[in-house]
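Student: Please take me slowly through one part of this structure, the contact between the chains. I would like a single connected explanation.

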Amino acid sequence: MLTESQPHFRQPLLRTPFHERARSLSQLDSFIPWSGYTSVDVFTSVEQEYFAIRNASSLYDLTPMVKYRISGTDALRFLNRLTTRDLSKLAPGRVAYTVWCNDEGQLIDDGTVFCLAAGDYRLCTAEWQLDWLRASAIGFDVEIREVTDEIAALAVQGPTSCKLLKSIGLAGIERLKPFEHATLAMPRTSAAPIALQVSRTGFTGDLGYELWMSPTDAEPVWDALMEVGSTRGVRAIGSRALNMARIEAGFLLPRVDFVSAAHTLLPGTERSPLELGLGWLVDFGKGHFTGRRALLAEKARGPRRQLVGLDVAGQKPAHAALLYTSRSGTRQAGSVTSAIWSPTCKRNIALAIVDAVHATTGATLWADIYLNRELVWERRMVPARVVERPFYAPARRRATPPADF
Amino acid sequence: MSAAGGLRYDSLVIGGGHNGLVCAAYLARSGRRVLVLEAASQVGGAAVTREFAPGFRVSACAHLLHLMPPSIVRELSLDRQGLELAATDLPTTALDPEGEHLSLSLATDAVRALRSRCAADAAAYEEWQSLVARIAAALHPVLNITPPRLGTEDWRDRMALLGVGWRLRRLGRRDLRELLRIGGMCVHDLLEDRFRLPLLKGALALDAVLGTNYGPRSPGTVLSLLYRAAAAHGGGSFVQPAGGLGSLSEALARAAVAAGAEVRTGSIVERILVSDDRAAGVRLASGETISAATVISSADPKTTFLRLLGCEHLDAGFVRRVTQLRSRGLTAKLHLALARLPEFPGLDAAALGGRLLIAPSADYIERAYNYAKYDEFSSAPVLEVTLPTLADAALAPEGRHVLSAIVQYAPYTLAGGWSAQRQRFTELLIDTLARYSPDLRECVTASELLAPPDIEREFRISGGHWHHAELALDQFFMLRPVPGATQYRAPLAGLFLCGAGCHPGGGVMGLAGRNAAQALIREAA
């Protein structure tokens with residue numbers, strides 16, 4: 001019923017089909033591990049890469065994103081029991097962002113579900129889930145196959161990304177709406193066209209697409225994009241630049257903003273979707289799903305903590321800062337999980353987990369920031385205002401058709 | 001009292017085995033309208049008397065009543081409901097291949113006989129039995145409670161935990177220290193520490209592993225021995241109901257009906273119906289649906305959750321725990337129809353009517369167990385034998401007899417398959433018995449062997465385990481059957497469990513049924 005992918009232990013870190021191209025562009029040789037693959041952290045400079053996302057287009061290799069093909073008679077029933085959203089409305093050609101929880105209603109992971117055809121889905125997640133998927137498959141007629149290494153994936157994100165994709169010949173790309181996917185042909189002069197699955201999805205909060213292709217097509221697609229993009233400010237980017245964009249967009253990163261309940265050891269460190277502001281993904285009316293009864297109970301008594309956006313005074317990012325209720329720093333209110341100086345918002349922003357009582361928009365907390373000033377450490381207690389997320393949400397991310405540059 | 005919400009029944013009990021019937025009787029006594037749905041054509045589940053050869057009847061699984069507390073017999077007035085005892089205080093005798101059989105009684109002459117064979121063992125045996133009695137007295141009340149949960153704020157959980165602690169503390173320093181020392185041990189080590197006679201060690205080891213998936217060297221077997229003693233505390237003698245164990249079930253059914261419950265046989269429950277995330281009734285195989293405010297299942301946890309309820313109504317982690325519940329039986333049952341009473345040289349009439357143990361040493365049992373680990377059966381199997389017709393001639397035609405034996409070990413997934421091996425194994429069992437009764441073979445006119453897959457099929461017990469789920473430390477008390485369903489309550493509102501898969505387990509005790517009824521009544525209060 002279930003098959004596993006090739007054993008990862010044979011090669012500690014795999015290389016993605018884009019690896020050779022990435023390596024030739026990398027000036028820092030700064031690679032990090034991601035789900036068993038080498039992944040670029042920074043190519044040249046984080047700032048340049050970041051501005052490619054916001055002002056032109058960026059290429060980000062997301063092949064290591066763990067992918068599962070889920071099919072069978074019970075595929076929809078299985079996914080609806082697994083995740084918190086009602087996926088019965090998800091038609092072929094659509095993508096849904098969703099989360100799933102353990103029995104206690106604590107978040108295991110988030111991810112996207114692609115409906116490829118009736119009864120045929122692809123689930124993309126940050127971390128391996130096979131164990132949990134197998135447990136969830138007991139009693140369901142469903143086949144689950146890890147297809148991570150069968151699909152090369154490339155994110156093309158930025159205000160000019162639609163134009164860039166049109167320039168490599170993807171006709172009709174401008175009609176693709178957010179959370180839709182379609183298979184488009186990339187014509188080639190001396191070879192057969194490449195079938196590219198394109199989804200209008202991303203992790204930047206900007207206009208952007210994700211391309212899903214056979215590993216053998218990875219280099220030709222990369223080369224085509226780089227060729228037309230070379231005069232348009234297109235850049236390959238690493239995880240650090242992407243991280244800045246996703247904080248501005250208010251997206252959560254596993255192991256940074258929350259630890260999967262599958263990995264937490266200490267009691268109280270797991271997080272529920274209600275605490276993480278993902279309550280809108282939880283559909284209590286669709287029938288039973290794992291964690292539903294626990295989440296209903298949590299909803300009734302109110303979540304204990306809440307993820308919030310913070311606007312921090314000053315310019316120094318509040319990395320890992322403890323948050324207090326007053327300047328005196330006597331009563332802790334929570335702690336910062338992600339923080340940057342946002343170049344686009346020109347604000348010092350952060351994501352934080354705070355006790356639910358402090359989660360009201362407009363409330364002022366105090367961030368205890370440690371600064372390294374030429375090797376002299378200083379401590380600053382600065383006000384941090386609870387603000388709405390996302391910090392940055394340009395209208396172009398949803399415009400269909402997108403602007404034609 | 002009329003049923004809630006205009007429904008005809010307050011509670012449906014799935015399964016008319018002894019636990020289901022006990023539960024129904026107690027619920028009906030509390031004023032609820034209860035309907036028991038039994039799939040078979042007669043009540044009793046595995047506590048049933050049935051014909052296995054023309055004119056020969058026998059208790060199909062357990063053949064002696066040992067663990068049912070007198071309080072249940074009294075509270076449900078089972079004597080007035082027709083429960084008669086054909087024999088009480090049945091003796092236990094360890095059979096010796098050389099004919100030097102050993103009575104395990106604590107009666108004066110038996111102890112004297114043991115002393116003459118080994119004075120040290122006689123003293124050690126008395127001392128051991130007295131320690132077991134003290135521990136059993138301390139642990140016995142634990143069987144009557146809903147197991148507490150850890151880490152809750154519920155005062156009932158805390159009181160129950162305190163109660164367990166207090167009872168153990170009352171054992172006193174010496175006994176508590178000994179309990180903690182031996183509690184996790186294997187029975188083999190314990191017996192090596194205390195006794196010398198292989199026959200005595202074999203008999204005691206058999207009581208520790210009977211009905212389990214363990215051998216004497218398996219960890220936790222002292223616990224199962226003590227647990228059995230705790231369950232037997234307060235009653236404890238081996239009793240043979242007239243008409244077999246089925247009469248007990250019939251008396252329980254009459255008690256339930258007398259209290260106001262209805263009992264329907266031949267009603268196979270196919271599905272537990274769910275409405276608005278609550279158990280709302282059942283659908284029968286006939287297509288009929290019956291609604292009720294609560295559903296109580298005496299079926300085993302796997303059948304209840306995976307088959308009758310369905311995984312889609314449960315959380316994935318819970319379903320995984322249920323799937324991983326160890327519930328395969330390793331115990332078979334042999335029934336022989338005998339043309340006349342076979343001779344057992346060296347046994348007097350009283351001993352012959354009691355329990356006869358074929359387990360000449362602890363190592364003999366362990367060797368038999370070795371084969372079971374690899375899905376084979378041993379050529380030297382372990383048996384607990386009774387001849388029920390000695391006390392209850394009505395079970396067989398005039399002058400004929402029945403031999404009923406519990407057999408260890410009979411793997412569920414036997415190499416070669418049961419259909420191919422059944423006859424060979426039966427012959428082997430008869431040969432084993434013939435070592436103690438030379439003329440047995442010529443007396444046999446018919447035989448029946450119920451292997452775990454047969455028990456699974458006939459009694460609808462997933463895995464064919466008599467206790468529904470192995471009684472072991474990790475499936476015990478606060479962990480039984482699995483975390484998330486330990487208080488007779490399923491994760492789904494309105495659904496309860498009352499079978500042997502719950503605390504305190506099987507063995508024709510009825511306590512799971514009574515505890516479940518009390519938990520349900522308490523919850524409604």
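**Where chain A meets chain B**

Tutor: Let's begin with chain A as a whole: buried residues make up 49% of its 405 residues (buried means that 20 or more other C-beta atoms, placed from the backbone, lie within 10 Å of a residue's own; 12 or fewer is exposed, and in between is partly exposed). This is a predicted model, in which local features need pLDDT of at least 70 and side-chain atom pairs count only at pLDDT 80 or more, while totals for chains, interfaces and linings use all residues. Residues are numbered from 1 along each chain as its sequence is written, and chains are lettered from A and ligands numbered from 1 in the order in which they are written.

Chain A holds 8 helices and 20 strands (DSSP runs, numbered from the N terminus: H or I of at least four residues for helices, E of at least two for strands). Its C-alpha trace spans about 70 × 55 × 45 Å along the principal axes. Among contacts in chain A between residues at least 6 apart in sequence, 67% join residues at least 24 apart (a contact means C-beta atoms, placed from the backbone, within 7 Å).

Now bring in the partner. Chain B and chain A each give 14 residues to their contact. On the side of chain B that touches chain A, H12(B) gives the most, 6 residues. That side divides into 6 nonpolar, 4 polar and 4 charged residues (Ala, Val, Leu, Ile, Met, Phe, Trp, Tyr, Cys and Pro count as nonpolar, Asp, Glu, Lys and Arg as charged, and the others, Gly among them, as polar).

Let's zoom in on H12(B), residues 316–324, and on helix H4 of chain A, residues 130–137. Their axes come within 8 Å and cross at roughly 75 degrees (axes are lines fitted to C-alpha atoms over the stretch in contact, with angles from 0 to 180 degrees between N-to-C directions). H4(A) and H12(B) are therefore roughly perpendicular to each other (65 to 115 degrees; under 35 is roughly parallel, over 145 roughly antiparallel, and the rest oblique).

Which residues meet there? From H4(A) come A:Trp132, A:Ala135 and A:Ser136, and across from them in H12(B) are B:Ala316, B:Gly317, B:Val319 and B:Arg320. By class, this helix contact has 4 nonpolar, 2 polar and 1 charged residues. So when you look at the structure, find A:Trp132 in H4(A) and B:Arg320 in H12(B), and you will see the two helices crossing at roughly 75 degrees, which counts as roughly perpendicular.

Definitions and conventions. Two residues are in contact if their C-beta atoms, placed from the backbone, lie within 7 Å.
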